[in-house]
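Me: I should like to learn how to read the main features of a protein model. Could you take me through them one at a time?

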Amino acid sequence: MAIRYQLIERAPADVWSVLANPYRYADWVVGTAETAPREGDWPELGSSLSYTIPLGPRTARGYTVVRRYDPPEHLELEARSTLGSARIAFEIRPWGENTLVIVDEHPLSGLGDRLHNTLLDAMIQLRHRGMLARLARVVEETHPRTPPGRTAPSARTSASGETGHD
């Protein structure tokens, strides 16, 4: 079992908005490309995404199914490919003004399950490090923080105190 955590310097709602966007999946999940909704309304229970996995000159296909959807705290996925399947659980915790994301992954079937050992867990840890760093980057770029004492970029205040939008 490989467990890793990442502090993301945004609110839990900002993290959820990225997790809930099926078109951003490949932006933060290491190893996937060309994602698209497959079934249902992502990330509702039972919904799924399909994706490609570039393997040098070849491409494999896979899909991910939502097995637990309990916002704002839990999202559990089952990733399936020709190599087998894995459970990937995300726990989203408020941490002051920020969010602590904890990911727990373990193989369920296939090659990963048959070869599961501490070396495989170490490799999954390295993948998680990259994945969580990418998730943090996507969340922080998608939801910029407004400096204290300033208004959001889309709103401006006139000299008379009226708020307008650009």
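**Reading the fold, the core and the charges**

Reply: D14 is a suitable residue to begin with in this predicted model: D14 is buried yet has no salt bridge, and the nearest side chain of opposite charge, R10, is 5.1 Å away. D14 belongs to helix α1, residues 12-19. Apart from neighbours within four places in sequence, D14 is in contact with V139 and H143.

Me: Which residues of α1 are buried besides D14?

Reply: The buried residues of α1 are P12, V15, W16, V18 and L19, together with D14. Six of the eight residues of α1 are buried, so the helix is largely enclosed by the rest of the structure.

Me: How should the overall architecture be read, and how many helices and strands does the protein chain have?

Reply: One starts with the elements and their order. The protein chain has four helices and nine strands. From the N terminus, the order is β-α-α-β-β-β-β-β-β-α-α-β-β. Of the 166 residues in the protein chain, 37% are buried. Among contacts with a separation of 6 or more, 44% join residues 24 or more positions apart.

Me: Where does I8 lie, and which residues does I8 touch beyond its sequence neighbours?

Reply: I8 lies in strand β1, residues 2-8. With 0% relative accessibility, I8 counts as buried. Not counting residues up to four places away in sequence, I8 touches V15, N98, T99, V101, L135, A136, V139 and E140. One of these contacts shows how sequence distance and spatial distance can be read together: I8 and A136 are 128 residues apart along the chain, and their C-alpha atoms are separated by 5.3 Å.

Me: Which residues touch the most other members of the largest nonpolar core?

Reply: The general idea is to look for buried nonpolar residues joined through their side chains. Here the largest nonpolar core has 28 residues, of which Y25, W28, F90, V101 and L135 touch the most other members. The elements that each give two or more residues to this core are α1, α2 (25-28), β3 (48-55), β4 (58-70), β5, β6, β7 (98-110) and α4 (118-142). The largest share, six residues, comes from α4.

Me: What surrounds Y25, and is Y51 buried or exposed?

Reply: Leaving aside neighbours within four places in sequence, Y25 is in contact with T32, T35, W42, L49, Y51, T64 and L77. Y51, in strand β3, counts as buried at 6% relative accessibility. The C-alpha atoms of Y51 and Y25 are separated by 9.0 Å, and the two residues are 26 residues apart along the chain. Beyond its neighbours within four places in sequence, Y51 has contacts that include Y25, A33, G62, Y63 and A79.

Me: How does one read salt bridges, and how many are there?

Reply: Side chains of opposite charge can pair when their charged atoms come close. With a cut-off of 4 Å between a side-chain nitrogen of Lys or Arg and a carboxyl oxygen of Asp or Glu, the count comes to 10 salt bridges. E78 and R80 form one of them, at 2.6 Å from N to O. E78 counts as buried at 11% relative accessibility, whereas R80 is partly exposed at 29%. In another, R93 pairs with E91, the closest N and O atoms being 2.7 Å apart. R93 is partly exposed at 34% relative accessibility, and E91 is partly exposed at 26%.

Me: Which parts of the chain does the pair of R127 and E105 link?

Reply: The side chains of R127 and E105 meet in a salt bridge of 3.3 Å, N to O. This pair links distant parts of the chain, with R127 in helix α4 and E105 in strand β7, 22 residues apart. R127 counts as partly exposed at 27% relative accessibility, while E105 counts as buried at 8%. There is also a network of salt bridges that links R68, D70, E76, R87 and D104.

Me: What nonpolar patch is found on the surface?

Reply: L83, L111 and L115 make a nonpolar surface patch of about 290 Å². L83 is placed in the loop between β5 (74-81) and β6 (84-95) and counts as exposed at 57% relative accessibility. For the protein chain as a whole, about 9700 Å² is exposed, and carbon and sulfur atoms supply 53% of it.

Technical notes:
Residues numbered from 1 in each chain as written. Predicted model: local features only at pLDDT ≥ 70, side-chain atom pairs only at ≥ 80, totals over all residues. Heavy atoms only, no water. Buried < 20%, exposed > 50% of the residue type's maximum accessible area, 1.4 Å probe, protein only. Contact = heavy atoms within 4.5 Å. Lys, Arg positive; Asp, Glu negative; His and termini not counted. Patch = residues over 30% accessible without salt bridge, like charges linked within 9 Å, V, L, I, M, F, W, Y side chains within 5 Å. Areas by Shrake-Rupley, 256 points an atom, 1.4 Å probe, with all protein chains shown as cover. Core = buried A, V, L, I, M, F, W, Y, C linked by side-chain atoms within 4.5 Å.
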